Structures are given as structure tokens and as C-alpha cells.
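Trainee: I should like to learn how to read individual features of a structure. May we work through a few together?

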Amino acid sequence: MACISNETEDQPQTGEVGLNVPIDTADADSMRLFLGERLAPLVLLIAACALPLALLRFVGHYMVMPGLAVHFVGVGVSALAAGLAALALTFVGVQRNDGRVVLVGTGFTVMAGLLAIHGLATPGVLVGQNGVISLTGAATLPIGGGILALSALPALRRPQRMRTLLVLQASALVGVLGLGVLGMAIPSLVPPVPTPGSPAAIAALFVGVFFYGVLVLRALKTYLLTQRYLDLAAVIGLAWLASALPGALLLSFMDLGWWLGHLFELAGIAIVGATVAIDIHRAAQSRPLLGDFRAAELVAQEEAFLGARVRALTQRLADKDESTEEHTRRVALRAVQVGEELGLAPNRLRSLAIGGLLHDIGKLSVPEHILKKPAALDEDEFALIKRHPQWGVKLLRELGGFTPGVLELVHSHHERLDGKGYPRSLRESELSLDTRILTVCDVYDALVSPRVYRGAWSQEAALALLRDEIGAAFDARCVSALERVLLGEQPEPSVVTFRLAAASG
């Protein structure tokens, strides 16, 4: 590796790290990546969610007279899609003894049953006028949304009695189909309620919007952490299911909006069903519906959720100095845990995960004999080590595509509140909460980890030092949050243990 100890900060790095990419080119690449990874999904999400509302608002009341066979066939396709999703989810859930997956399958089962009855009850096709078509049309989305919303219950992750859930699913399906058969055989049993726009219909509308609102927020939180298009599709699919509610509950079959509602219902079921199926094929859970995706999982599975570039950089660091790579992974894990404890938004937690994994990436430019020296560093060696934040930022800027928040974390993780840190001697007012979190976690892990020239500190001793330096080096909120995170972990997890737990779902 080329020695870089005599290079200035402004010179392009060469050798192991330098890519000799002009800064203006790197900035252009960063802008293109920002447009592709940040702005484009936001525009797509807004446009997709606004489309059904705009159509309902501007053309929803147009009078139409399509043949009843269109309703019969269209709803039948929706029921078939929901039914297939229900069967697949239930089968996988039973195989994995996962009650959440089975409950999601139950939601699709109930929707499939209601849709099937709704389609079969189309007047003039198989039966005459009946009230079943109104009742099932109004109940499908609110009831299905309510069942899907229950999937976040922690008790369902590994239920003790899978058979109970299966019995409930079968009972619900039998009840729905039984009601439909009786209602169509004896139309007087089921009155045509709720009528469009009635108080009962409005109440069902609010209930459905509440359930799908919960589901959309869960899915959106997951997407903001993962930034996967698959999770974005789940948000759109759930939003389309919610947008189908006004047409189903406020308009009649002679209104275009009523038919558009059926269209978005079909599309929403297909999208959500597909995303759930793909997720379950790849992993153990469909995280957008459950809403329990944690920022720590970004650290455990960085290639899947943070991208190949981050994984490639951490792998290069591991190839040079495995102990440094393990340190960065532990620091990133601690940082996102502390960030969640302090209530940081998902996008900031994602930056913390990336910044934590890459905060020491500048050590790729530090000679190996210094990184692995079996003794304390002398002044010249320490002066060289102190340049690794600048070298890290330089590398990430050359690569392009990293947010300013990530670059700031890499650049400032050795700064102190009193201005005595390095490399820029920043003071308290110049340090973000995210940087303060990373600094505390970095120092804590460095203390409790063994070094070739000293043994590991105890957790109590490390925390005592952090407390002593509150106000001078460390933020009190971050130290307290770290203590709460550590207090909730018995025993303290290793990186290997966390990876195994994340892989098993």
C-alpha cells in the first residue's frame, strides 16, 4: 500500500483507497444517485397515492352503466387473487409455526370469501336482487384491514397453539360463506345495508380508514428504513386499498367511482399479496405489514438493506483489519439502538447505520503496522491515525452517493463538545445529536474491547468514564440512552449472535 503520511488533505488519495475521481464528477454522481434513490421514490409514492383520490374527486360521480357481468367477473378475479394469497400465506405460516403469517393469511381469506360472495351475489347473473351484495361490499375492506392490523401483536410471532389460529381462520371462512349462501337462498334474511352515504356506511368508512392508516404508517416506516422498492410497493398497495373505501361506501354502482373503487381494490390486493409473497420467499416475515423492522437489522444485513457499496467497503475493511470491521459493526448496532431509544426518525437511523459501519473506513489509508501495533502509538503514529476521518470522507465523496449526514458522521465521530476533539476541533453547537450518539458508542466499544496492548475495560468502568466526561466530551442524553440500552440486554449480544438472530427472523 502506498504511504500517504506526507499527503495533504486536499490531494487526491492514491494506492489502496484513492479512486482518482474528480470532485465535480463525484458530485454529479451523488446528485444522480440522490435523484434515483431519494427523489424518484418520493415522487412515485405521492403520485401513486394521489391518483385514486384525484380520479374519485374529478370523475367519481360520472354516471356509467356497464353490464353486470363486468362486476361478476371483476370481483371474481379479486376473490381469486385474495384466495391464492391466503392459501400461500397460511401454508408458509404453518410450516414456520409463525402466527403472524397465518393471521395475514386469515385477513386475505376473509377478504377472498367476502369478495367471492359479493361477486356471486351480483343481481341478474346467478341470483336476483339481494342484500348480500351491499353487506359484503361494505364489509370486505374494513374487516380485512382490521385483521391485517392485528398482525403486529407480539404474541403472534411464535404462538403456542397454531391450531387455534387455523380453527379461527376456518371458522371465519365458514361463517362468511354460510352467510352468503343463506343470504342468496333467502334474500329476505339480509337487508341491503348499509346504503351508500348512510351513517352506517360513513362509520364503516372511518373504521376502514383507521385500520389502513395504521397499516400504511407501518409500511412507510419500514420503507424509510430499508428504502427498498418492494416496501414502497406495499405502501402503495395499502394506500390503494384505503382509497377503494369511499367508492364502496359512499357511491352506488351507477357511479364511476364505485367501479374505480373495485379496480383499486383488485390492484391493492394484488400488490400487497405479491409483496408479502416475495418477502416470505426471501425471509421469514413480511415486514411492511408488521411494522416491526428495527434499525439494528440494517446493520446485521447491510448488503440486503444498505446496498452492495456499503457491504463492499466493510468487506475491504475486514480484509485489512478484521478487528476494526467488527468494531464498526458493533458501534453501528449500538448507535441505532441508542438512536431508537432517543426517538430518531427512520431516515436518521438509516444514516446512523451507514455512518456507524463506515465511520472508520479512512483507516484503509493507515499503514497496517500502525493499525496492528502491539503497543501504544507514539506521537507521530497517533498524528497519522487522527487523519482517518478526513481520509474516510475523501473516499466516500469520491465514490459518491452518500448523504451529507453520513459524511458528517464519518468526519466528526472524534469531535468533543468542548472543542478538543479532532480533526476540526468542532464545539457543542456544531455537533448534531446523531454525531454525539456515534461518538459515545464509538468510545464505549473501544473501551470494552480488548486491544493488543491492553485488556478490555469492564462495562461499569467504561460507563463511569463516559459519565465523568459528560459536558466536556459527551452528551448526557446519549450516555443515559446507552445505559438504558445496555440495561435491557442480558447478556450483551455479540455481532455473531445478532447476525444469527436476524437470519432466523
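Trainee: Leaving aside its neighbours within four places in sequence, which residues is threonine 275 in contact with?

Mentor: Please note that this is a predicted model. Threonine 275 lies in helix α8, residues 256-282. Beyond its neighbours within four places in sequence, threonine 275 is in contact with Leu230, Ala233 and Ala234.

Trainee: Is threonine 275 buried or exposed?

Mentor: A residue counts as buried when its relative accessible area is under 20%. Threonine 275 has 6%, so threonine 275 is buried.

Trainee: How is the length of a helix judged, for instance that of α17?

Mentor: One compares the span between the end C-alpha atoms with the span expected at 1.5 Å a residue. Helix α17 (residues 388-399) has 12 residues and should span 16 Å, and its end C-alpha atoms are indeed 16 Å apart. For α13 (residues 322-341), the 20 residues reach 29 Å, close to the expected 28 Å.

Trainee: How many residues of α17 and of α13 are buried?

Mentor: In α17, 10 of the 12 residues are buried, so α17 is largely enclosed by the rest of the structure. Among them are Trp391, Val393 and Lys394. In α13, 15 of the 20 residues are buried, so this helix too is largely enclosed.

Trainee: What follows each of these helices?

Mentor: Glycine 400 comes just after α17 and takes a positive phi of about 80°. Glycine 343 follows α13, with a positive phi near 80°.

Trainee: Which residues make the nonpolar surface patch of about 420 Å²?

Mentor: The patch is made by Leu68, Leu120, Val125, Leu126 and Phe253. Valine 125 is in the loop between α3 and α4, and is partly exposed at 35% relative accessible area.

Conventions
Residues are numbered from 1 along each chain as its sequence is written. This is a predicted model: local features need pLDDT of at least 70, side-chain atom pairs count only at pLDDT 80 or more; totals for chains, interfaces and linings use all residues. Side-chain values use heavy atoms; hydrogens and water are left out. Patches are made of residues with over 30% relative accessible area and no salt bridge: like charges are joined within 9 Å, nonpolar side chains (Val, Leu, Ile, Met, Phe, Trp, Tyr) within 5 Å. Accessible areas come from the Shrake-Rupley method with a 1.4 Å probe; for residues, only the protein chains shown count as cover. A salt bridge is a side-chain nitrogen of Lys or Arg within 4 Å of a carboxyl oxygen of Asp or Glu. Helices (H or I, at least four residues) and strands (E, at least two) are DSSP runs, numbered from the N terminus. Buried means under 20% relative accessible area, exposed over 50%, partly exposed in between (1.4 Å probe, protein chains only). The expected span of a helix is 1.5 Å times one less than its number of residues. Contact means heavy atoms within 4.5 Å.
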